[in-house]
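I opened my notebook for this one with a plain plan: pick a few residues, look up their surroundings, then move on to the empty space and the chain as a whole. Here are my entries, in the order I wrote them.

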Amino acid sequence: MLPIRLPRHTFAAAMVSFVATTATLLADTLQVDVLDVVILPETRLVGIKVSEISGIAWDADAGVLWAVTDKARLIRFQLSIDGDRIATFQAETAIALTDTAGTKIDNDFFNPEGMAIINGSDGDPANAEFAIVSELGPAIARFSTSGKWLADFEVPAPLRDPARQKSEGDGLEALTVHPVHGLVTLPEEPLLDAPRRIHTLFAGDGTSYQFSTEAVGNTSVKALETLSNGRILLLDRMRSEDKLRLLPFLSIIDLAACKPDAPCPVVTAPVMVPGVTDADFEGITEVSPGRFLMISDDEINGDKRTVIALVALGEV
């Protein structure tokens, strides 16, 4: 089924209204422009439902967008961008994740929450792999583009015990591959013994970095993306005071500017996708310099659908 495009004339008015209600919460701002939005109705490929997407990754070498779902499925999308527009967004292939023996993985055992691409921009269009994080376990595993489990990554020591999570649903949520620090990950909400608005990034090299969301509120982290300059882009969200809207935010964290025993400096901006107020955006990936694709989980206003937004960031 083809995606539905939202009318562009709604963008400016919606953004003005949203910024007016949130600007007082922000200590620093980042320029974020929503360029285009399409909605993908629920569909199936080879009997696999294309929905409940929990992470996305752009393979720049192959020109392919990949997604992972809560049901332990890989989805390959055809994506093309024409200027400020999403010219093509079409699900092509759905693949079940399998263990090392080739047996289909049960999402009650491995529940994907985020993904990062490995070898996605090294010039070889045929060698991409994925790091996928599961809140169950918790676990981080390496998968091929055919969906096969290749190896385990070590979960940072402070995150291995689920009893330290705020709740059962607040485990490992997002990860990214950093050129200096290796895999960087964190839970959806701070650990049980941490202040609610102090989140911690845990890196594969043993370092950790705290940042505060005090300027925004009690946010839940949904996705991470490493930028070409080594800074980390973070997607999180919070509920509005009336509990009727989900408010997404993008933040830039420069790990090189972090100092010991102090939260890292963070630059944050709200993101408003016009016409949709309850989209739970769970994935983000850079598809070209300064252009990012955000994707939501599928139940919006009671309908099974996925929202895809093309977003431009100012200088980061």
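**Entry 1: Ile-232 and its contacts**

Leaving out neighbours within four places in sequence, I looked up what Ile-232 is in contact with, and the list holds Thr-176, His-178, Val-184, Leu-201, Leu-224, Glu-225, Thr-226, Ser-251, Ile-252, Ile-253 and Leu-255. This is a predicted model, so I read each value here as computed from that prediction. Ile-232 belongs to strand E18, which covers residues 232-239. Is Ile-232 buried or exposed? Its relative accessible area is 0%, so I wrote it down as buried, given that buried means under 20%. For one of its contacts, Ser-251, I also looked up the backbone: the C-alpha atoms of Ile-232 and Ser-251 are separated by 8.1 Å, with the two positions 19 residues apart along the chain.

**Entry 2: Thr-98**

Next I went to a loop residue. Thr-98 sits between strand E8 (85-96) and E9. Which residues does Thr-98 touch, not counting those up to four places away in sequence? I found Thr-103, Lys-104, Ile-105, Phe-143, Gly-147, Lys-148 and Trp-149. Thr-98 has 15% relative accessibility and therefore counts as buried.

**Entry 3: backbone oddities**

I then went through the backbone angles. Ala-72 is not a glycine, yet its phi is positive, at about 65°. I placed Ala-72 in the loop between strand E6 (64-69) and strand E7 (73-82). With 0% relative accessibility, Ala-72 counts as buried.

Asp-261 is another residue other than glycine with a positive phi, here near 60°. Its loop runs between strand E19 (246-253) and strand E20 (266-270). Is Asp-261 buried or exposed? Asp-261 has a relative accessible area of 85%, so it is exposed, the cut-off for that being over 50%.

I also noted a cis peptide bond, from Gly-137 to Pro-138, with omega near -15°. Pro-138 lies in the loop that joins strand E10 (129-134) to strand E11 (139-144).

**Entry 4: the disulfide**

How many disulfides does the structure hold? I found one. Cys-258 and Cys-264 form it, and their sulfur atoms are 2.0 Å apart. The link of Cys-258 and Cys-264 is right-handed, with 120° about the S-S bond. Both Cys-258 and Cys-264 are buried.

**Entry 5: the largest pocket**

Then I turned to the empty space. The largest pocket holds about 550 Å³ of space. Its lining is made of 25 residues, and Ile-117, Ser-121, Val-177, Glu-225 and Thr-226 lie nearest its centre. Which elements give two or more residues to this lining? They are strand E5 (53-59), strand E9 (112-118), strand E13 (172-178), strand E17 (220-226) and strand E21 (281-288). E9 gives the largest share, four residues. By class, I have the pocket lining down as 13 nonpolar, nine polar and three charged residues. Glu-225 and Thr-226, which are among the residues nearest the pocket centre, also appear in my contact list for Ile-232.

**Entry 6: the cavity**

I looked for closed space too, and the count came to one cavity of 30 Å³ or more. The largest cavity has a volume of about 60 Å³. It is lined by 14 residues, with Gly-114, Met-115, Leu-175, Ala-223 and Leu-224 nearest its centre. Which elements supply at least two residues each to the cavity lining? I wrote down E5, E9, E13, E17 and E21. The cavity lining divides into seven nonpolar, four polar and three charged residues. Leu-224, one of those nearest the cavity centre, is another contact of Ile-232.

**Entry 7: the chain as a whole**

Last, I took the totals. The protein chain has one helix and 24 strands. Of its 316 residues, 56% count as buried. The chain exposes about 13400 Å², and carbon and sulfur atoms supply 50% of that area. I also checked contacts between residues at least 6 apart in sequence: 52% of them join residues at least 24 apart.

Terms used:
Residues are numbered from 1 along each chain as its sequence is written. This is a predicted model: local features need pLDDT of at least 70, side-chain atom pairs count only at pLDDT 80 or more; totals for chains, interfaces and linings use all residues. Side-chain values use heavy atoms; hydrogens and water are left out. Buried means under 20% relative accessible area, exposed over 50%, partly exposed in between (1.4 Å probe, protein chains only). Contact means heavy atoms within 4.5 Å. Accessible areas come from the Shrake-Rupley method with a 1.4 Å probe; for residues, only the protein chains shown count as cover. On a 1 Å grid over the protein atoms alone, a cavity is a set of points where a 1.4 Å probe fits but cannot get out, and a pocket is an open set with protein on both sides within 12 Å along at least five of seven lines; lining residues have an atom within 4 Å of a point. Grid points are joined across faces, edges and corners, and a volume is the space filled by probe spheres set on the points. Ala, Val, Leu, Ile, Met, Phe, Trp, Tyr, Cys and Pro count as nonpolar, Asp, Glu, Lys and Arg as charged, and the others, Gly among them, as polar. A disulfide is a pair of cysteine sulfur atoms within 2.5 Å.
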